[in-house]
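New to this one? Have a look at the sequence and the fold, and then we can walk through them together.

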Amino acid sequence: MGFERADLTRASFDGVIGARLLANRRNWLLAVPTANPAIVTMFDHTIDPRPGGPYLPWSGEFVGKYLISAVQDLRMSRDRQLDHTVEDVVHGLIGHQGADGYLGPFDGDARLFGDNWDVWGHYHCVLGLYETFRYNRDARALEACRKAADHLSSRLGDPGAIARVRHPTMNLAFAHVAALLHQETREARYLDLLRLFEQAWTSVPDGGDYVRKFQTPGSLFAALGAGARWERLHSLQAVGELYRITGEERYRRAFINAWEGIRTFDRHSTGGFSAIERATGNPFDPRPIETCATVAWMALTVDMLRLTGSCDAADELELSTWNAALGAQSPDGRWWTYNTPMGGIDTSGMPVMALPPPLRRAPAFEGARRPTPYDLGFQDRPGASFLSCCSANGPRGLGMLSEWAVMASPDGIVVNFYGPSRFWLTTPAGNEITIEQRTSYPVDGRVELIVTLSRDEAFAIRLRVPSWSTRTTISVNGASRGEIAAGRHHTIERTWHSGDTISLTLDLHTRALIGAAPPPGCDPGSGNGARGRVALYRGPILLAYDERHDRFDIHTLPPMTASAQITLDQSVPAPQDRRVVRVHARTDVGEVSLGDFASAGMPVTPAVGASDVEGKVFQFSRGDGSVIAQRIRLLADGTIQGHAHPNEARWGREDGTLAFFAADGRTSTHFAWDARENGRIVLRGGFRFDERIVHELREVDLSVEGKWFQLARANGSIVTSLLRLRAGGTLEGHSHPNESSWAQEGGTLVFRDGDGRVTTRFTDTRSQFGRVDHSGAFLPDPGITHLLRQLDREVTGKVWQFRRPNSFPISVLLHPDGSIESDHPNETFWATEGDQLVFFDPARMPTTRFALGKDPDGRMTWTGKFLPNPDITHQLVEWNIDLTWGNSSRYISWLPSGA
């Protein structure tokens with residue numbers, strides 16, 4: 001028996017899942033369109049140049065991935081503000097759709113048939129719009145889907161046309177949404193389109209030939225070799241839909257065999273999928289586990305649950321959610337990882353990975369959490385700085401709870417998710433029902449489910465009994481249900497009354513997954529396996545060792561046996577210990593503290609609260625750079641000091657987020673996006689009275705003593721490249737009688753000549769990237785304007801873009817020990833020599849000497865000649881976001897195993 005999506009009215013979650021969903025909504029879903037306007041405007045072909053370019057092959061996918069996850073959240077939260085945000089995105093996307101139905105960012109011959117993933121981008125856009133239609137029945141969204149699908153039919157339907165579509169691994173995935181459109185509309189033309197893609201699977205080189213190749217069990221790698229990329233999972237979803245359309249067993253067999261093959265040979269201990277972006281037939285492969293691939297695996301598994309009702313599929317979704325998905329999301333919801341490694345598997349002898357820098361390196365033994373802007377920095381584009389394939393896709397890992405947490409069966413309701421929560425839905429007869437779960441699961445195995453009904457009704461409630469829970473008890477209103485089988489749904493058929501209570505106790509005993517050699521037939525480059533290692537689980541939670549929480553180095557951790565005694569740590573955690581589950585594991589040298597994998601290595605990022613902004617000075621400006629007020633202060637009583645306008649009469653909090661309110665009480669700006677740039681608060685929000693305007697608040701630090709500056713003129717000429725304002729009013733690094741000293745007069749910075757007369761009064765300030773630039777007239781000649789641009793010579797604790805000619809910019813880190821985390825031996829070590837930053841090769845020979853500067857956006861830049869070839873210029877550009885993730889730590893989840 002298969003299951004379907006439940007007819008959810010609403011769902012709410014408490015505990016960790018609830019906190020993460022809320023963070024995802026507030027700090028990602030609500031903020032993305034404001035912080036990344038090119039997510040929609042890249043489709044506006046009336047703009048030249050269009051924002052967000054030059055476009056990546058997959059740029060067109062971003063808005064579709066966003067809509068899918070936003071609508072998933074709306075099914076649960078019914079959040080009014082998110083509803084409006086999604087409506088605006090949909091309106092903008094549909095408004096930019098071509099008259100012929102084209103829905104992508106490319107022009108001319110690059111459309112559909114170019115060296116890009118344009119059809120893949122259409123797949124995500126149409127799927128996002130279709131999910132929007134399913135949620136709110138907006139006919140415009142469905143019509144946009146039809147137009148896009150009809151456009152593809154007309155362009156690809158000509159003989160031989162589909163064979164000219166490049167990158168079939170990705171682009172043929174449109175078959176999935178074609179199948180959904182046919183089932184929604186029952187129109188034959190979308191079935192014809194689906195059949196066109198199905199034929200291409202077999203006729204186009206590298207098309208996949210999924211239905212034939214998966215008639216027998218086996219791994220994706222065995223069937224597809226090095227071409228077994230994760231994107232193929234979306235074509236496999238189309239195979240499942242073909243069975244639902246036709247009822248032909250060959251489709252069902254192929255789908256199930258492919259799913260089982262991934263589960264057996266490629267799903268990692270974390271619930272994640274992929275290694276270097278594909279299947280390798282080795283679950284111990286220590287290479288990067290891409291977030292996009294894990295999301296695709298989870299989507300395929302939801303379809304497996306729909307198709308078969310398999311408890312195994314529901315177990316897989318729980319495993320992936322609690323470990324891989326939560327482990328890929330920063331706790332504050334601002335970023336997602338590209339790679340969420342297992343950690344702890346030997347990588348000796350493995351070659352450098354064929355991935356873009358900075359991932360072009362040998363695989364690492366240790367686990368670490370890094371945001372996508374670091375690993376995928378090459379995807380950064382103006383107007384889309386926070387977007388990448390994984391950051392756009394990661395939220396689906398949580399959003400899919402709306403599809404599998406509770407489901408509908410023909411005769412009742414299916415409960416797959418356990419945790420503190422409430423679900424409002426309808427029964428088979430259409431009556432309203434609420435199922436509330438009172439529990440601290442997964443810390444504790446006891447779950448109480450309270451049923452509230454609008455009227456009595458007979459139907460079935462199915463409870464998932466995980467395969468790992470070998471001693472489970474269930475009772476209804478105190479009456480035991482007897483022996484409970486593991487690894488299946490337990491069905492309770494009765495007439496339900498409001499107030500009925502189901503008591504469920506799951507067995508959270510520790511279990512072990514023993515590491516082994518690589519499976520036969522796997523990718524020969526996938527590593528040495530995990531012999532001598534063990535992965536420990538408590539319920540659905542994979543346990544990991546994080547160096548922050550104990551005395552051992554990850555390389556010297558004492559061995560643990562598969563039957564190690566594990567006890568729950570119920571002590572009060574330290575303020576910085578954010579682990580969901582904490583346990584003590586007994587070893588021969590004493591206890592070792594382990595915690596949940598999702599928290600391992602994850603930095604603790606402070607949120608921006610009311611206490612952080614009260615009394616602070618901010619620059620109030622627009623997203624286009626125009627300054628509304630140079631300095632305003634947010635007072636504790638709600639007053640906005642330094643700015644008077646009826647649109648900004650006072651400030652306060654709305655749904656926990658800072659907002660400005662107009663004189664008539666309406667919200668004028670809701671600052672949905674908050675971040676820190678060089679430790680200073682930056683807030684962004686849409687102006688409610690004109691959706692074209694984005695407002696920004698940038699914290700201003702007016703202190704100048706001890707700071708470095710560049711003195712320049714407004715005409716661009718540099719007076720002094722580096723000077724410091726020292727205590728006592730002296731200037732270091734600059735000598736001129738017109739600027740003999742500095743002082744503050746009434747809060748305004750001034751320069752004085754040798755006679756004490758003011759020569760420059762810096763009356764204007766501008767905050768950029770957490771620093772303040774000053775400007776003012778040179779009083780002896782008012783035609784000259786002096787600029788004092790704040791510089792920052794600190795190079796550690798930041799992410800830098802390293803730019804070289806004819807190559808993607810890569811992200812690099814300069815560590816305090818003088819080492820450089822880069823992709824080339826020419827950049828192995830660093831040091832400062834006087835005012836210069838110097839890079840060295842492994843022999844400590846200098847390769848580049850940099851001078852400090854500042855770009856128009858306020859970012860620090862170091863520019864210099866590459867000494868082995870002075871015709872080449874190297875540049876380091878400060879990353880334009882501060883994600884405060886540098887305090888992450890190393891971890892492992894594959895632990896050393898004893899006898």
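**From the whole chain to one sheet**

Let's begin with who touches whom: among contacts in the protein chain with a separation of 6 or more, 60% join residues 24 or more positions apart. Keep in mind as you look around that this is a predicted model.

Now zoom out to the overall dimensions. The C-alpha trace spans about 95 × 70 × 60 Å along its principal axes. A compact globule of 899 residues would have a radius of gyration near 29 Å, and the protein chain has 29 Å, so the two agree. Of those 899 residues, 61% count as buried.

What does the outside look like? The protein chain exposes about 32800 Å², with carbon and sulfur atoms supplying 49% of that area. As for charge, there are 95 positive and 106 negative charges, and their mean positions lie 1 Å apart.

Next, the building blocks: the protein chain has 21 helices and 45 strands. Eight of the strands make an open sheet with antiparallel pairing, and you can trace it in the order β21-β20-β19-β26-β25-β24-β23-β22. At the edges stand β21 (640-641) and β22 (650-654); each has a single partner strand, so one side of each is left without a neighbour in the sheet.

Step in from β22 along that order and you come to β23, followed by β24. Strand β23 covers residues 657-661 and strand β24 covers residues 667-677, and three bridges link the two in the antiparallel sense. For a single spot to find on screen, try Phe660, which stands opposite Thr669 in β24.

Terms used
Residues are numbered from 1 along each chain as its sequence is written. This is a predicted model: local features need pLDDT of at least 70, side-chain atom pairs count only at pLDDT 80 or more; totals for chains, interfaces and linings use all residues. Side-chain values use heavy atoms; hydrogens and water are left out. Two strands pair if DSSP finds at least two bridges between them. Helices (H or I, at least four residues) and strands (E, at least two) are DSSP runs, numbered from the N terminus. The radius of gyration is taken over C-alpha atoms; the globule rule is 2.2 Å times the number of residues to the power 0.38. Buried means under 20% relative accessible area, exposed over 50%, partly exposed in between (1.4 Å probe, protein chains only). Contact means heavy atoms within 4.5 Å. Accessible areas come from the Shrake-Rupley method with a 1.4 Å probe; for residues, only the protein chains shown count as cover. Lys and Arg count as positive and Asp and Glu as negative; His and the chain ends are not counted. The place of a charge is taken as NZ of Lys, CZ of Arg, CG of Asp or CD of Glu.
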